[in-house]
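Here is a short report for a reader meeting this structure for the first time. Please keep the sequence and the 3D view at hand while reading.

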Amino acid sequence: MIKNSCKKALLVGFVAMLVLTPSFAAKKKKGADTYKSVEKVKDPATKKVYDFKEMQIVLGDWWSDPNQAPSSKQQEDQKSFRQWIQDTYNVNIVQKAFASWATQPQAVVNACMTGSDSDAEKYVFCIDGRSANVGIKAGLFYDLSKVTSVDYHNADIYDQSVVKLLEKGKSFYAFNFGVPEPREGMFFNKKLLAEAGYDPDYPYDLQKEGKWTWAAFEEMCKTLTRDTDNDGVIDQYAMSNFYTCFTAAALDSNGASKIGRDANGKFFNNAGSDKAMEAFNWIQYMFQTYQLPQEEGAAWDYFFQAFVNGETAFMCHQEYNAQPGGSLSGMADDWGFVCFPLGPSGDGVYRTIHDTPMWVIPSCYSDETVNKIAKAVELYNQKVPGYDGPDAWKESYYAGFRDSRAVDETITLMSKNPNPRFDKLVSGISEEDMCNSICWGWQTPAEAYESCKNVWDGLLADMNR
């Protein structure tokens, strides 16, 4: 339940980037005058404006409702422009849930194995680590290095972190548009910080000065964890975190990871490295000392409710919670958002973990069809006029946060150069492996590593064959 809930919500922020037309029903031509100054793209082969002859393309994910109304002026303009794109290039594109999160991997496998050029609808699928390398080894995904109609290495259009994530030699199999999505960071309660004597924006200031570190965070946690009624029992804890998010972010901030990948593309077990063990030991100390305990019978997301209710000052979680209408929108206390603090053995750069959705094209289509699909989808994802400046990508984030510093400083840092996350690409390795027992004190980091090592090594050996 924990994993499914988070996975389902993980991609809420991505919806703002791909709000697509509701259906393949007949369309009225709109926006011809509005976008008359937009240059129409011509097919180099015919020297004429692209004509996809009413090709129908489905972008299949597990979360989209194509009938959902736009929630902002930006989304309204995006929808209007994309309608113009479809009318101009004679193509029909819709993004919708192809299956549930739980059934998407098998549904994608089935579709890739049975699809063909003769199908009325052509699919592009959103996948995650459960399908990634399994699909590549089975030959289900088209090798995008063979596509000639678009340049996936154009960093102005495509997220290069995604292109490189499923790279095998010169071949690669996944793409996405725009800048990398922000992920794990640290939310903080400004009211509780002020009550403890801190400037409400203190974490922002530390981050700006490069002083937002494990040590600085720990010092604040020490101050914010208190016995307020002097009865000898701690009744206010500094933090309430989702242990998987905290663990992943702490490892990354210290230059570590559970799983690494070498220059030859081979995966390896990195959880026993010095940097990883340093992080695991610190994680266990922080959870045992400053984490709000989970009371017997409490819901799995007790940590979240505690932060929203103003009971704790810090919560490590993902940016999507800040989206308009998201989990933090109704929080009474004011709050901010910074990167995870820097570990002592990291590279000193504030960033986040790269975990952006990956889009793949089934290999069951011919080269000609794939090239058409690739070009049509690229045209569809052109920047909307009026939102095509270098900082335009920030617009979808401002509405969800309580202050602009979260976007102009934190989100900007996160999106510049995120670190890839490899453990999610290895089928059989769970997010909870090691971190569950370490955070709750059931095992020492060394014991947790030994309990997983042999199984992981076997999974990695199979992956690397």
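## The nonpolar core

The largest nonpolar core holds 137 residues, and Y152, F246, F314 and I361 touch the most other members. Helix 11 (residues 274-290) gives the most to this core, with nine residues. A nonpolar core here is a set of buried Ala, Val, Leu, Ile, Met, Phe, Trp, Tyr and Cys residues joined through side-chain atoms within 4.5 Å. Buried means under 20% relative accessible area, exposed means over 50%, and partly exposed lies in between, with a 1.4 Å probe and protein chains only. In soluble globular proteins, nonpolar side chains tend to be buried together.

This is a predicted model: local features need pLDDT of at least 70, side-chain atom pairs count only at pLDDT 80 or more, and totals for chains, interfaces and linings use all residues. Residues are numbered from 1 along each chain as its sequence is written, and side-chain values use heavy atoms, with hydrogens and water left out.

## The chain as a whole

The protein chain has 17 helices and 13 strands. Both are DSSP runs, numbered from the N terminus: helices are H or I with at least four residues, strands are E with at least two. A compact globule of 465 residues would have a radius of gyration near 23 Å, and the protein chain agrees, with 23 Å. That radius is taken over C-alpha atoms, and the globule rule is 2.2 Å times the number of residues to the power 0.38. Along the principal axes, the C-alpha atoms fill a box of roughly 80 × 50 × 40 Å.

Buried residues make up 54% of the 465 residues. Take the contacts (heavy atoms within 4.5 Å) between residues at least 6 apart in sequence: 78% of them join residues at least 24 apart.

## Surface and charge

The accessible surface of the protein chain comes to about 20,100 Å², and 49% of it belongs to carbon and sulfur atoms. Accessible areas come from the Shrake-Rupley method with a 1.4 Å probe; for residues, only the protein chains shown count as cover.

There are 47 positive and 62 negative side chains, and the centres of the two sets lie 9 Å apart. Lys and Arg count as positive, Asp and Glu as negative; His and the chain ends are not counted. Each charge is placed at NZ of Lys, CZ of Arg, CG of Asp or CD of Glu.

## Helix 10, an enclosed helix

Helix 10 spans residues 243-253. In this helix 11 of the 11 residues are buried, so it is largely enclosed by the rest of the structure. Among its buried residues are Y243, C245, F246, L251 and D252.

Two of its residues show what surrounds the helix. T244 is buried, with a relative accessible area of 7%. Leaving out residues up to four places away in sequence, T244 touches E431, E432 and C435. A249 is also buried, at 5%. With the same neighbours left out, A249 touches E184, C316, F340 and I353. A249 and T369 are 120 residues apart in sequence and 40 Å apart in space, C-alpha to C-alpha.

## Around helix 10

F242 and N230 both belong to the loop between helix 9 and helix 10. F242 is buried, with a relative accessible area of 4%. N230 counts as exposed, at 69%. The C-alpha atoms of F242 and M286 lie 13 Å apart, with their positions 44 residues apart in sequence. N230 and L379 are 149 residues apart along the chain, and their C-alpha atoms are separated by 64 Å. Just after helix 10, G255 takes a positive phi of about 75°.

## Positive phi outside glycine

Most residues other than glycine have a negative phi. E54 has a positive phi, near 60°. E54 sits in the loop between helix 2 (12-15) and strand 1 (55-61), and is exposed at 53% relative accessible area.

N90 is not a glycine either, and its phi is positive at about 55°. The place of N90 is the loop between helix 3 (73-89) and strand 2 (91-97). At 26% relative accessibility, N90 counts as partly exposed.

## K137 in helix 5

K137 lies in helix 5 (residues 132-137) and is partly exposed, at 47% relative accessibility. Not counting residues up to four places away in sequence, K137 touches D462, M463 and R465. K137 and E181 are 44 residues apart in sequence and 27 Å apart in space, C-alpha to C-alpha.
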